[in-house]
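Trainee: I am new to this structure and should like to understand it step by step. May we look at it together?

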Amino acid sequence: MNPNEPPIIDFAPFYANHSTKKDLIHQIQQACEQFGFFQLINHAIPTELQTAVLQHSTEFFNLPLETKEKYNQATGGFNRGYERLRSQNFEKRTKGDLKEGFYFGKDLPLDDVYVVQRRFGQGPNKYPAEVPDAEGFRRVMDEYHDAMIELAVAIMQVIARTLGLDEEPFGDFCDHPVSILRLLHYPSQEADSSDLERGIGAHTDFGAITMLLQDDTGGLQVWNNLSSEWVDVTPVPGAYVVNLGNMMMRWTNDRYLSNLHRVINTSGKERFSVPFFFSGNPNYTIRCLPGCEDPEEGARYPPVTVHEWMAGRYADTYGTSDGKAIGELRQEPDA
Ligand SMILES: O=C(O)CCC(=O)C(=O)O
Ligand SMILES: [Fe+2]
């Protein structure tokens with residue numbers, strides 16, 4: 001493993017609540033400042049649940065295209081469902097990114113107050129009926145989504161501590177959050193193409209934190225600001241690749257990094273990954289966190305709500321804040 005790769009951090013002290021918690025906080029602080037990326041092991045998500053999510057995901061992507069298209073995210077108005085191959089193009093290359101996806105969120109009824117208010121990322125899910133085990137698919141996705149919210153809240157609590165804050169201010173942020181689960185499938189690509197394909201072109205994520213489960217294929221790379229190179233994020237079985245998004249960078253007044261990453265899958269086999277994007281309560285106001293002010297400039301950015309930020313980033317990139325996939329909510333790459 002390249003020593004410049006994101007660090008692997010053991011989360012067990014979080015649950016044990018003993019003195020090594022301090023080390024954990026320190027390691028996460030360093031990773032947030034230097035990299036904006038780390039891998040997390042010994043978290044509370046059961047291996048069986050991770051395996052089940054990847055299995056159901058594979059079964060969905062194996063369906064015929066016309067069946068998958070029945071669940072296209074462009075229909076229904078809530079940005080949930082299937083995203084076909086090449087529908088994103090982060091680096092504006094000749095062809096779009098070589099991946100297909102499926103979006104889930106918390107499955108909310110139409111009379112949920114946030115759904116009625118059209119708050120960002122809130123709505124009902126779509127569940128494919130044609131997968132071999134439709135009931136199991138739905139149960140596993142919902143269970144996994146709930147478990148990921150719990151882990152996200154735990155990570156946010158540690159991040160609060162890395163900033164010398166107690167966990168309290170993040171409580172309102174974590175309530176009724178924008179939380180998007182994305183199943184991804186990357187076909188293998190040619191290794192020797194002159195205009196090398198991207199599975200996903202270089203980009204930064206928009207929200208607070210992303211927690212990604214990847215299979216053992218490899219292909220995810222992250223930009224290391226210190227060594228100025230693309231480094232692999234070598235798959236570690238069961239680990240989460242955690243990265244900070246642009247909103248977290250803004251919230252910390254640029255103290256913590258939201259870093260560029262991309263996928264190039266030249267492994268010769270298909271790759272499956274499952275990112276989970278956690279961006280907090282749409283009504284929460286993001287303003288420079290206490291202690292993050294710059295000694296000269298103070299807070300660099302005015303306050304903004306999560307809803308405004310997420311919808312605004314979307315509009316910057318696509319010219320509209322409606323009717324497109326939430327997973328497309330990424331800043332255009334600048335490298
Ligand atoms: O599949 C991966 O490893 C990365 C996915 C990603 O960066 C994203 O969906 O934003
Ligand atoms: Fe990403």
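Mentor: The model shown is predicted, and the questions that follow concern ligand 1 and some of the residues in the protein.

Trainee: How many residues surround ligand 1?

Mentor: The closest residues to ligand 1 are Arg182, Tyr186, His261, Arg271 and Ser273. By class, the shell holds eight nonpolar, three polar and four charged residues. The number of residues that surround ligand 1 is 15.

Trainee: At what distance does a polar side-chain atom of Ser273 lie from an oxygen atom of ligand 1?

Mentor: Oxygen atoms of ligand 1 have side-chain N or O atoms of several residues within reach, including Asp205 at 3.2 Å and His261 at 3.0 Å. A polar contact requires a pair of N or O atoms within 3.5 Å. For Ser273, the distance from its polar side-chain atom to an oxygen atom of ligand 1 is 2.7 Å.

Trainee: What percentage of the accessible area of ligand 1 does the protein cover?

Mentor: On its own, ligand 1 has 300 Å² of accessible area. The space that ligand 1 takes is the largest cavity. The share of the ligand's area covered by the protein is 98%.

Trainee: Which element gives the largest share of the shell around ligand 1?

Mentor: Two or more shell residues come from each of strand E5 (178-186), strand E6 (200-205), strand E11 (261-263) and strand E12 (271-280). The largest share is four residues, and the element that gives it is E12.

Trainee: Is His261 buried or exposed?

Mentor: His261 belongs to strand E11. A residue counts as buried under 20% relative accessible area. Because its relative accessibility is 7%, His261 is buried.

Trainee: Which residue has its backbone oxygen 3.1 Å from a polar atom of the side chain of His261?

Mentor: The residue in question lies in the loop between helix H8 (246-251) and E11. It is buried, with a relative accessible area of 4%. Its own side chain reaches the backbone oxygen of Trp223 at 2.9 Å. The residue whose backbone oxygen lies 3.1 Å from the His261 side chain is Asn259.

Trainee: How far apart in space are Phe173 and Pro282, C-alpha to C-alpha?

Mentor: Phe173 is placed in helix H7 (residues 169-174). Phe173 counts as buried because its relative accessibility is 0%. In sequence, Phe173 and Pro282 are 109 residues apart. In space, their C-alpha atoms are separated by 8.4 Å.

Key: Residues numbered from 1 in each chain as written. Chains lettered and ligands numbered in written order. Predicted model: local features only at pLDDT ≥ 70, side-chain atom pairs only at ≥ 80, totals over all residues. Heavy atoms only, no water. Near = heavy atom within 4 Å. Polar contact = N/O pair within 3.5 Å; in protein donor to acceptor, adjacent residues only side chain to side chain. Areas by Shrake-Rupley, 256 points an atom, 1.4 Å probe, with all protein chains shown as cover. 1 Å grid on protein atoms, 1.4 Å probe; cavity = no way out; pocket = protein on both sides within 12 Å on 5 of 7 lines; lining within 4 Å. Sits in = over half its atoms within 2 Å of the grid points. Nonpolar A, V, L, I, M, F, W, Y, C, P; charged D, E, K, R; others polar. Buried < 20%, exposed > 50% of the residue type's maximum accessible area, 1.4 Å probe, protein only.
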